[in-house]
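Colleague: Please take a close look at one part of this model for me, and then work outwards from there. I would like the cut-offs spelled out as you go.

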Amino acid sequence: MYNGVINIYKEKGFTSHDVVAKMRGILQQKKMGHTGTLDPDAVGVLPVCLGNATRLADMLTDRDKEYEAVMRLGVATDTQDMSGTVLEEKPVQVSEAEVEAAIRSFVGGYEQVPPMYSALKVNGKRLYELAREGREVERKARSVSLYNIEILSMQLPEVCIRVACSKGTYIRTLCHDIGEKLGCGAAMSSLKRTKSGCFTLDTAITLSALEQLRDEKNVEKVLIPVDAMFDDLAQVHVPDIFIKAVQNGNFFSLHQIMERRMFGPGEEVRVYDSAGRFYGIYAFDGEAGVFKPRKMFL
């Protein structure tokens, strides 16, 4: 069984679920999952967790993202992108300066209402399923953060932007909201995710490339170990005489590790045995003088 993360380049036409299903066939392994849905028409970075790395999925999904998108002004659709049904078209009578000002105004905190065509669930049913039934339900606005929006090119009615944002940001909805602010409407015509946490476009591989690596018995070349996701944390090693506590997911004390240094209250560390096998993430309890488990990857 493979344990780790593979940075997949999701190609157009596949759902994120399709990617995982195809990887299960390529690697002959069931235990895996992706870390953040991309629409079928979108392309780009899709980290997939395998084996015990599936316990990482929620942590990786929570990380910041970066996208490149093309926004078309003067049109509104039911899906907020150009794959949907056109609801309204208006002439684009705004200047480039006005477009730039509208885009810049969204940088920072932003209350965003998720689109009906999304995978979010309401009363146990996904919004896109309700939308396909012709039903629209009320959605609560969610706080998202847009750290930066860079205008890459502008040839009205189209604008290409790069967006650095928090988890849960819908770029389709951002385009729609920019269009609303300009008074002419807008829809997203293309989307590429260029970054998800520490995963970037330049290291992402296609499914066909993964298949070739499998045939060459060289999948490990692109398999990122679980502990590499926490390389900003210090390492501690527990000698064999005390390792049973770690194997059982229990706490262990400061004097039971090989390192001799001070640890701050709540400081998280990567825990290994004397042979270098990774067990999980622990946090130091300063009052009790012990390390307590946060996330185990046995």
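Modeller: Happy to! Helices and strands here are DSSP runs numbered from the N terminus, with H or I over at least four residues for a helix and E over at least two for a strand. This is a predicted model, in which local features need pLDDT of at least 70 and side-chain atom pairs count only at pLDDT 80 or more, while totals for chains, interfaces and linings use all residues. Residues are numbered from 1 along each chain as its sequence is written, and side-chain values use heavy atoms, with hydrogens and water left out.

The part I would pick is helix α1, residues 16–27. Its 12 residues reach 17 Å from the first C-alpha to the last, close to the 16 Å expected at 1.5 Å a residue; the expected span is 1.5 Å times one less than the number of residues. Which residues of α1 are buried? They are Ser-16, Val-19, Val-20, Met-23, Ile-26 and Leu-27, where buried means under 20% relative accessible area, exposed over 50% and partly exposed in between, using a 1.4 Å probe and protein chains only. Viewed down the axis of α1, these buried residues fall within an arc of 120 degrees, so they line one face of the helix. The arc is taken over the directions from the helix axis to the C-beta atoms. Helix geometry fits such a pattern: an α-helix has 3.6 residues a turn, so residues three or four places apart point the same way.

What does that face pack against? The buried residues of α1 pack against β1, β2 (32–34), β3 (43–50) and α6 (207–215), with contact meaning heavy atoms within 4.5 Å.

Just after α1 comes Gln-28, with a positive phi of about 55 degrees. Gln-28 is a residue other than glycine, and most residues other than glycine have a negative phi. Gln-28 sits in the loop between α1 and β2 and is exposed, with a relative accessible area of 68%. Lys-217 also has a positive phi of about 55 degrees without being a glycine. Lys-217 lies in the loop between α6 and β14 and is exposed at a relative accessible area of 72%.

Now to β1, one of the elements that the buried residues of α1 pack against. Asn-7 is in this strand, residues 4–10, and is buried, with a relative accessible area of 3%. A polar atom of the Asn-7 side chain lies 2.9 Å from the backbone oxygen of Thr-200. That is a polar contact: N or O atoms within 3.5 Å, where within protein one must be able to donate a hydrogen and the other to accept it, and residues adjacent in sequence count only if both atoms are side-chain atoms. Leaving aside residues up to four places away in sequence, Asn-7 touches Val-45, Leu-46, Pro-47, Phe-199, Thr-200, Thr-203, Ala-204 and Ile-205.

Helix α3 (residues 96–104) offers another buried set, made up of Val-99, Ala-102 and Ile-103. Down the axis of α3, these fall within an arc of 100 degrees, so they line one face of the helix. Their cover includes β4 (65–73), β10 (142–155), β11 (158–165) and α5 (171–182).

Two of those covering strands, β10 and β11, are joined by a loop that holds Pro-157. The peptide bond from Leu-156 to Pro-157 is cis, with omega near 20 degrees.

As for cysteines, the whole structure has 0 disulfides, a disulfide being a pair of cysteine sulfur atoms within 2.5 Å. Cys-160 is in none, and the nearest cysteine sulfur, that of Cys-175, is 10 Å away. Cys-160 counts as buried at 16% relative accessibility. Cys-165 is buried too, at 0%, and its sulfur is 11 Å from the closest cysteine sulfur, in Cys-175, too far for a bond.

Finally, how far is Arg-277 from Asp-18? They are 259 residues apart in sequence and 33 Å apart in space, C-alpha to C-alpha. Arg-277 is in the loop between β16 (268–273) and β17 and is partly exposed at 45% relative accessibility.
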